[in-house]
Amino acid sequence: MSTAIPDAPSHFIKDIINEDMKSNKHKGRVHTRFPPEPNGYLHIGHAKSICLNFGIALEYGGKCNLRFDDTNPSKEEVEYVDSIMDTVRWLGFDWEDRLFYASDYFEQLYQYAEHLIKTGNAFVCHLSADEIREYRGTLTTPGRGSPYRNRSADENLDFLRRMRAGEFPDGHCVLRAKIDMASGNINMRDPVIYRILHMPHHRTGDAWCLYPMYDYAHPISDAIEGITHSLCTLEFEDHRPFYDWVLDRLPVPCHPRQIEFARLNVNYTIMSKRKLLQLVQDHLVSGWDDPRMPTLAGMRRRGLTPEAIRDFCDRIGVAKVNSTVDVALLEHCQREDLNKRAPRVMAVLHPLRVVLENYPEGQVEWFDAINNPEDPDAGTRRIPLTRELYIEQDDFREEPPPKFYRLAPGREMRLKHAYIIKCTNVVKNDRGEIVEVRCTYDPGSRGESGRSVKVTAHWVSAAHAFDAEVRLYNHLFTKENPAEEDDFRASINPDSLQVLTGCKVESCLASAAPGSRYQFMRQGYFCADLMDAAPGKPVFNRIVSLRDEWAKIAKKMTIA
RNA sequence: UGGGAGGUCGUCCAACGGUAGGACACAUGGCUCUGGACCAUGGUAUCGGGGUUCGAAUCCCUGCCUCCCAGCCA
């Protein structure tokens, strides 16, 4: 297969691959893998890795495997396996027939362990966990060799086989690589490569009672699968010498190159699986798929599109510096995507009743409305106007501040697709609250009348409006970096979720299909909730708001 | 006082010895039957100090700062 070297904007990993292609290091082959541990839900940080690994394979005409790093049965569950596969697929990637599990290689891994023993590169150690830690030394002082370090190969083999046979309880002994207790790199101070764990595995059942450590299983798994470039995050940089050490001492089919890049951080959220789990367990969110969560399941539920997420991952770049990307970029990507393809509809979130005093009672007039000005193929629909309608409360001010161009007593505003109206009066209740606005409409302002006013607002005919629930989401946290707070939970945004009921929407939304997305004109992009929306009972999640010039002006004025 | 990695606009990423550029964000203006979208314009950056060079973000020396590592987690 011909694999042209792409001249698209590069990053340091592609630079490396380009050089390997030039030197024909892997015979023109590019093979990556995405290796999640099935111990939690995927989040936006994983999306970066998924897009990188699958993206590179696509770009170079190579392959990318999905491999579950399931070497620790105490933390892993099939539930996570299923959700991970579902999410990767949803994101738009295909591992074809290359679904693998590190546990597929348990036997091979074990055989290689015997090989390591036979070649004098590993030994069974009977030190306790505490003793191993003590013997390991510290960051600044070298460690000491285990007293079991120089056992004979036969003795080691015998112990390893008995470990496998289940003769010893958990923690009784471990298999360790024999490297260098004085190394400045602590990962090289005779790291543990096998531990005893009498625990059933979600795939291998109770076939095993000893399980390989990640550092040992990973390089071998990569080699078995013929991976050429093994991409991982920065914290594994220190592990690379061991990765290479293992592959250099075993008769593996190839020696992949590990390359480390910076993991993704996004402001106003957290990425740690542990903290995310805490939010779920403490019921601070509704679950892993709470639309405010940075999990891909949450984003999906919220209505974010895979296209936008992939675009975001393309734009954030790949480098070795720890960095935090502004969530505004994600929001931008999402708006850009939906602007092209989301049908426009009118939905009044905070309804204010308007009566057109000079509009005939009982009359219904239909107007053509363009579904999407950005997409000529999106067509039009018909919307009804009657004497009574709803507009947004924010679109009316009894005492308009400067730069407020919307409706106010004596002022005009256009109803989108219909007439210009003028406020003549305000009706208030006993408490002095505005409950209704009286207007007249200008019958001559229909269509291309030439008359223009400063603002055009969305509205819905009262007689035709349908009630909907709308959920407005904001950043889950008020702090840019919640993780560095003493207690990240204290910075949860109390306004991160606002549930609105009795919103008035166009009747075409009454049975919006779950997952369908719309632009609610002048407000934002919304998605019919996957779980709670039902025919006749519409529920919408705000994916992202539209940019709001007036909000900025208003904010500036209150600050000033 | 161990080992590893890294410091470029507010943020993220480029520039690979030859005019520091893009995106987002921000600001100003234009346009608009979405205060959306779109268009135009603008400001702000090479961690510090030496050196090499006609020329340094890039090479060398030195200092400073940040991140990661002492799981039988990944």
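Student: Where does Ser-445 sit?

Tutor: Look in the loop between strand E20 (434-442) and strand E21 (456-457). Keep in mind that this is a predicted model.

Student: Why is Ser-445 called buried?

Tutor: Its relative accessibility is 0%, and buried means under 20%, so Ser-445 earns the word.

Student: What makes the link from the side chain of Ser-445 to Asp-442 a polar contact?

Tutor: The side chain of Ser-445 reaches the backbone oxygen of Asp-442 at 2.6 Å. The cut-off for such a pair is within 3.5 Å, so this one counts. Ser-445 also touches Arg-414, Ala-418, Tyr-419 and Ile-420, leaving aside residues up to four places away in sequence.

Student: Tyr-419 turns up there. How do you know that Tyr-419 and Tyr-441 form a pair that is tilted?

Tutor: Let's get there by way of another pair, one from a search that finds 19 aromatic pairs in the whole structure. The rings of Phe-404 and Trp-550 have centres 5.4 Å apart and planes at 75°. Pairing needs centres within 6.5 Å, and an angle over 60 degrees counts as edge-to-face, so that is what this pair is called.

Student: What makes you say that the pair ties together parts of the structure?

Tutor: Phe-404 is in the loop between strand E17 (388-392) and strand E18 (412-415), while Trp-550 belongs to helix H13, so the pair joins parts 146 residues apart in sequence. Both partners pass the test for buried, which is under 20%: Phe-404 has 2% relative accessibility, and Trp-550 has 15%.

Now back to your tyrosines. Tyr-419 and Tyr-441 are 4.6 Å centre to centre, with 55° between the planes. Stacked is under 30 degrees and edge-to-face over 60; 55° fits neither, so the pair is tilted. Tyr-419 lies in the loop between E18 and strand E19 (420-428) and Tyr-441 in strand E20, so parts 22 residues apart in sequence are tied together. Tyr-419 and Tyr-441 are both buried.

Student: Why is strand E26 described as largely enclosed?

Tutor: Five of its five residues, 524-528, are buried, so the rest of the structure largely encloses the strand.

Student: How do you know that E25 and E26 pair?

Tutor: Two strands pair with at least two bridges between them. Strand E25 (residues 517-520) and E26 run antiparallel with four bridges, so they qualify. Gln-519 stands opposite Tyr-525 in E26. In the hairpin of E25 and E26, Arg-522 takes a positive phi near 70°. On to E27 (residues 539-545): five bridges join this strand to E26, also antiparallel.

Student: Which residues come nearest to RNA strand B?

Tutor: Of the 72 residues around RNA strand B, the nearest are Ile-316, Arg-344, Arg-406, Gln-519 and Arg-522. Sugar and phosphate make up 63% of the strand's atoms that come within 4 Å of the protein.

Student: What makes Arg-136 a polar partner of RNA strand B?

Tutor: One of its polar side-chain atoms lies 3.0 Å from a phosphate oxygen. That is inside the 3.5 Å cut-off, so the contact counts. As for helix H13, it gives the most to the surface near RNA strand B, with five residues.

Conventions:
Residues numbered from 1 in each chain as written. Chains lettered and ligands numbered in written order. Predicted model: local features only at pLDDT ≥ 70, side-chain atom pairs only at ≥ 80, totals over all residues. Heavy atoms only, no water. Near = heavy atom within 4 Å. Polar contact = N/O pair within 3.5 Å; in protein donor to acceptor, adjacent residues only side chain to side chain. Helix = DSSP H or I, 4+ residues; strand = E, 2+ residues; numbered from the N terminus. Buried < 20%, exposed > 50% of the residue type's maximum accessible area, 1.4 Å probe, protein only. Contact = heavy atoms within 4.5 Å. Phe/Tyr/Trp six-rings, centres within 6.5 Å; stacked < 30°, edge-to-face > 60°.
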